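Hi,

Here is the model I promised to pass on. Have a look at it first, then read my notes underneath.

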Amino acid sequence: MPAEPGPHDPAVRRTLAVAPGGRLADALAEAILGMVRSGELAPGRKLPAERDLVSRFGVSRVAVREAIAALAGRGVLQIRRGHRPIVQEPDIGRAIGNLGELVRHLVLEESGAWNLFEARIFVEAALVRHAAQHARPADIAALEAALADNRAAVGDGPRFYATDVAFHAVLYRVPGNPIFPALQQAFVGWLSASWARMPHAVEIDRMNCRAHEAILEAIMRRDADRAERTLRGHLAAAWEFVRAGF
């Protein structure tokens, strides 16, 4: 196999913007991403054949394969064995989910789990304040329905967990920004192993349900300070159960 052109090769510099000391694969990934952003490669379209990318950009097949793998990891390309990669529609949930393996490794330790849990508290504190100030009648109705499901699930561990997640999910939907629900799904996935180690008891379910009731009451009263204070206390108590599992 011929040697891969180096970053100082003049022929390469005419086609790829290679940073000093950079890798051709990274520069090629950015060039392909530029084709996607410009519309030259639209979502749903197949990537040019490997040999065509080799010829067009003057790089090796190794660099092409590394660039494709990097873009697949970023959610830009979908890879299927035996098929050319396909350009994917931008999706914030998929982009956040691509961090999953790294984050799951971090939460194996208590300090890593706390950093993630603290980030969740920070986000939800802002969301509950927003809900208290801006929730529409439909949002209140969604919270009431989620609370009713949560109350009915007390004592049923898996069902209570699902309805607990669903109650908090409403808070992430109130602003109408798709990034927040995607972030909540990521928090749930990243922290699921930690939550699985938490103790489960009817009294714990009741305590969490009462906290949800108090959060909803504060939102309905448009009391942002009380809503945030109640939510922070609720999640601080939840953290203590998570921490006990380490």
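Below is what I found, starting with the overall layout and moving on to the charged residues.

A quick word on the ground rules: this is a predicted model, where local features need pLDDT of at least 70, side-chain atom pairs count only at pLDDT 80 or more, and totals for chains, interfaces and linings use all residues. Residues are numbered from 1 along each chain as its sequence is written, and side-chain values use heavy atoms, with hydrogens and water left out.

First, the layout. The protein has 12 helices and two strands; these are DSSP runs numbered from the N terminus, with helices being H or I over at least four residues and strands E over at least two. Read from the N terminus, the order is α-α-α-α-β-β-α-α-α-α-α-α-α-α. The chain has 246 residues, and 40% of them count as buried. Buried means under 20% relative accessible area, exposed means over 50%, and partly exposed is in between (1.4 Å probe, protein chains only).

Now the salt bridges, meaning a side-chain nitrogen of Lys or Arg within 4 Å of a carboxyl oxygen of Asp or Glu. Side chains of opposite charge can pair when their charged atoms come close. The whole structure holds 15 salt bridges.

Take a look at Glu124 in helix H7 (residues 110-134). Glu124 is buried, at 1% relative accessible area, and its side chain forms a salt bridge with that of Arg120 (2.7 Å, N to O). Arg120 is also counted as buried, at 8%. The two sit four residues apart in helix H7, so about one helical turn separates them. The Glu124 side chain also makes a polar contact with the side chain of His168 at 2.8 Å. (A polar contact is a pair of N or O atoms within 3.5 Å; within protein, one must be able to donate a hydrogen and the other to accept it, and residues adjacent in sequence count only if both atoms are side-chain atoms.)

What does Arg129 pair with? Its salt bridge is with Glu228, with the closest N and O atoms 3.0 Å apart. Arg129 lies in helix H7 and Glu228 in helix H12, so this pair ties together parts that are 99 residues apart in sequence. Arg129 is partly exposed at 26%, while Glu228 is buried at 17%. Both belong to a network of salt bridges that links Arg129, Asp225, Glu228 and Arg232.

Another salt bridge joins Glu217 and Arg226, whose closest N and O atoms are 3.7 Å apart. Glu217 is partly exposed at 31%, and so is Arg226 at 26%.

A few arginines are worth a click too. Arg222 is in the loop between helix H11 (202-220) and helix H12 (224-243). It has a positive phi of about 60° although it is not a glycine. Most residues other than glycine have a negative phi. Arg222 is partly exposed, with a relative accessible area of 42%.

Arg173 belongs to helix H9 (residues 157-173) and is partly exposed at 44%. Its C-alpha atom is separated by 8.4 Å from that of Asp139, 34 residues away along the chain.

Finally, Arg51 is in helix H3 (residues 50-57) and is exposed, with a relative accessible area of 56%.

Cheers
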